[in-house]
Amino acid sequence: LTSIVDLSLCFVEFDGGAAFAFIRVFRIIRVARVIRVVRFLRQLRTMIFTVLHTLSSLGYSLILISTIILMFAICLTDATTTYLVTDGEAATADELAGLYDNWGTILRAAYTLFQAMTGGVSWSEPVAYLFLLPSIYVPMFIVYIAFMVLAMLNLITGFFCEHAFEAAGSDREQAIMDQLMQKEKYIEEFR
């Protein structure tokens with residue numbers, strides 16, 4: 001819109017300085033719009049660079065989380081299968097179905113642990129079936145939740161934030177753009 005107005009004003013003859021001031025205002029608006037777009041693209045470029053820079057950290061984080069989930073899943077599945085083989089007759093059909101659905105195989109247990117950690121299921125639901133097992137497994141599940149939610153996820157979030165700041169700071173093009181902007185500020189101050 002400002003370009004159209006700028007072109008139309010170039011073809012119209014005006015008398016006096018007020019018309020030229022009007023033209024200058026439109027040109028300033030156009031320059032401000034270009035600066036805003038360039039700033040947006042610079043921020044977008046920085047964000048993309050940061051995401052790409054943290055992908056390797058994401059892979060290692062997923063391996064670590066998967067390893068911890070797998071260790072707990074193996075332990076809880078072993079306890080579940082031992083209970084089903086030795087004391088399974090004492091439970092009701094609904095309890096056995098819930099116990100098997102949540103903890104019956106390593107993949108089901110890992111899925112339940114992942115859901116409990118990420119809020120996909122309230123962790124009080126799967127822990128209810130652990131009360132059928134020996135008493136050590138309920139506190140073990142609570143320790144798992146506390147460790148994964150309070151410690152591990154916060155640690156990984158901090159790790160990603162640190163790497164994101166490093167990536168944004170090491171972006172060479174970003175540094176060049178910042179230097180050019182600083183140079184323009186200095187030039188404007190001396191005028």
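**View 1. Leu58, a partly exposed leucine in helix α3.** Leu58 is partly exposed, with a relative accessible area of 36%. Everything here comes from a predicted model, so keep that in mind as you zoom in. The residue lies in helix α3. At 36%, Leu58 counts as partly exposed because that class runs between the 20% limit for buried and the 50% limit for exposed.

**View 2. A nonpolar patch on the surface, with Leu58 as one of its members.** Pull back from Leu58 and you get a nonpolar surface patch of about 740 Å². Leu58 shares this patch with Leu44, Met47, Ile48, Val51, Leu52, Leu55 and Leu62. Two elements give two or more residues each: α2 (17-53) and α3 (55-86). Helix α2 is the top contributor, with 5 residues.

**View 3. Phe72 and Tyr144, a tilted ring pair.** Now for the aromatics: searching the whole structure turns up 4 aromatic pairs. In this one, the ring centres of Phe72 and Tyr144 sit 4.9 Å apart. Their planes are at 55 degrees, so the pair is tilted. Phe72 comes from helix α3 and Tyr144 from helix α7 (residues 137-170), so this contact links distant parts of the chain, 72 residues apart. Unlike the partly exposed Leu58, Phe72 and Tyr144 are both buried.

**View 4. The aromatic cluster around that pair.** Widen the view and Phe72 and Tyr144 turn out to belong to a cluster. Ring pairs join them with Trp103, Trp123 and Phe141.

Notes: Residues numbered from 1 in each chain as written. Predicted model: local features only at pLDDT ≥ 70, side-chain atom pairs only at ≥ 80, totals over all residues. Heavy atoms only, no water. Patch = residues over 30% accessible without salt bridge, like charges linked within 9 Å, V, L, I, M, F, W, Y side chains within 5 Å. Areas by Shrake-Rupley, 256 points an atom, 1.4 Å probe, with all protein chains shown as cover. Salt bridge = Lys/Arg side-chain N within 4 Å of Asp/Glu carboxyl O. Helix = DSSP H or I, 4+ residues; strand = E, 2+ residues; numbered from the N terminus. Buried < 20%, exposed > 50% of the residue type's maximum accessible area, 1.4 Å probe, protein only. Phe/Tyr/Trp six-rings, centres within 6.5 Å; stacked < 30°, edge-to-face > 60°.
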